[in-house]
Amino acid sequence: MSDSLAPFDIIEVSFNNGSRKDFFRNSTKQVFEKGEMVAVEGVSGFDVGMVNLTGELVKLQMKKRRVEDTPEVKKLLRRASTEDMNRMTDNKNREKEALIKARAIARSLGLEMKLAEVEIQADGRKATFFYTADDRVDFRELIKVYASEFRVKVEMRQIGARQEAGKVGGIGSCGRELCCATWLTDFKSVNTTAARYQNLSINQAKLSGQCGRLKCCLNYELDTYLDALKDFPDDCDVIETASGNATLQKRDIFKNLMWYSYDNSNKQYPLTITRVKEIRQLNRQGVKPEELKAVEVVSSKPNKEADLGFADVVGQISLRSLEKASQKRKQKSRDKQKEQQKEKQKGGAPQQQGQPQQGGGRPQRDQRPKNEARGEQKQGEQKPRGEQRQRSGNEPRGEQKPRQEQRPRNEQRGEQKPRGEQAPRNEQKGEPRPPRQDQKPREPREPREPREGGKPQQAGGHSGQHHHKNRNRPPRKPDNKPDNKQ
């Protein structure tokens, strides 16, 4: 920490989404927070970036990158205005087209190089071309073509394969975003010895990353493996026994075991560190032990989970229960139909003609004879249809008079005889029939008074539209003269 109370006046600014970072001196004495967009001094112009670090942490970062605090450090100009942001956006939209044209020009000139990215300054006066190449490239002619094509000041910057992968980005074999594209800034050299210390198979396809080089993560745990390997002896690659020489195959730092195998067999024998040191001490004395005394390695399997009684029965459900239920329903419906048929057969016997029905009400359909199956209405005391439709103006619609007692239809039409005993035709045409000996003549009914607004009823209680005119007259006495009306 600095002794003075004034804060550290250098700020770290990142450009192009963090792919490039640089340090600038805050000469404006304004307080900037992380994430603010600022305009900084550029090459013959200005550039726009985002504040990444402020305060004393910038000192540590400068020390890490070996950047000295000198008066030559570029200055921070101001906070970025709306005009600066719009100008930066327009120039950033030109970068993709510039990269495509730059690759085509480099290919036409026959240069062995690969352009990875083009970064144009916010004011559009400078363009930086990042490329990768295995050998030295003479791009003097290329710069002239780029300057005349893009009308900017051209800067060529060579980067490595790891930096290129960081600029392009991607997903690693671990399933996470590449370290070089997120947080890794400095790249250390990686050797195959790091894989050997960690007992990894030397497989170039598995050990190399998307950049084509060895993975940077091979160095992450290397120090831990080196600390664990200090307890293992170094001069025990080959040990001598009575059966022959045994060669070291691998070291297990987690179980502290060393695996050996004979030259003529592929079987491996795990030995403890103390047993290997004993055999090595005997070999120095010229003694060869008869046995290696290998350790039995028991693979620790995880405990079986308690069976909670759950069984996966997906696709194993039988449909017999559903079939039985449907069969029971069908059988019940059949039984109900049979019971209804039996009740109809019992209650369907025809009643005797003229026998009054019990209860005085309307007979049930199953218990009525066929000739009385239709609705039975009383003949005498029912209004004609014309009178039923006409209502007086004083009567409300809801208050209707109760219907009068209805007679069976066989009394209305005259008691019909069974089909075998039908009356002659002259009786069917409406002529009066002679009364029976055991039947008394009917007394004539008094005519009813007509209602208001309606026509007077006839003596029979009905209009003559539906019934015979001579129905309510007294019977005539039988004459001895023959009846010639036919």
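This passage describes the sheet, the helices packed on it and the aromatic contacts of a predicted model. Residues are numbered from 1 along each chain as its sequence is written. Because the model is predicted, local features need pLDDT of at least 70 and side-chain atom pairs count only at pLDDT 80 or more, whereas totals for chains, interfaces and linings use all residues; side-chain values use heavy atoms, with hydrogens and water left out.

Helices (H or I, at least four residues) and strands (E, at least two) are DSSP runs, numbered from the N terminus. Strands of a sheet pair through backbone hydrogen bonds, either parallel or antiparallel. Here, 5 strands form an open sheet in the order β2-β1-β4-β3-β5, with antiparallel pairing; two strands count as paired if DSSP finds at least two bridges between them. The edges are occupied by β2 (20–25) and β5 (76–79), each of which has a single partner strand, so one side of each is left without a neighbour in the sheet. From one strand to the next, the twist averages 45°. Axes are lines fitted to C-alpha atoms, for helices over the stretch in contact, and angles run from 0 to 180 degrees between N-to-C directions. Strand β3 (residues 37–42) is joined to β5 in the antiparallel sense over 3 bridges, and V38 stands opposite R79 in β5.

Two helices lie across the strands. Helix α1 (residues 57–65) crosses β1 (10–15), β2 and β4 (45–53), and runs at about 70° to β1. Helix α2 (residues 82–92) lies across β3, β4 and β5, at about 100° to β4. Contact means heavy atoms within 4.5 Å.

A search of the whole structure yields 7 aromatic pairs. Rings of Phe, Tyr and Trp (its six-membered ring) pair if their centres lie within 6.5 Å; planes under 30 degrees apart count as stacked, over 60 as edge-to-face and the rest as tilted. One of the pairs, F15 with F24, is edge-to-face, at 6.0 Å centre to centre and 75° between the planes. Both F15 and F24 are buried (under 20% relative accessible area; exposed is over 50%, partly exposed in between; 1.4 Å probe, protein chains only). The ring centres of Y146 and F150 are 5.8 Å apart with the planes at 55°, so this pair is tilted. Y146 and F150 lie 4 residues apart in helix α4 (residues 140–150), about one turn of the helix. Y146 is buried at 0% relative accessibility, and F150 is buried at 12%. Together with F129, Y146 and F150 form one aromatic cluster.
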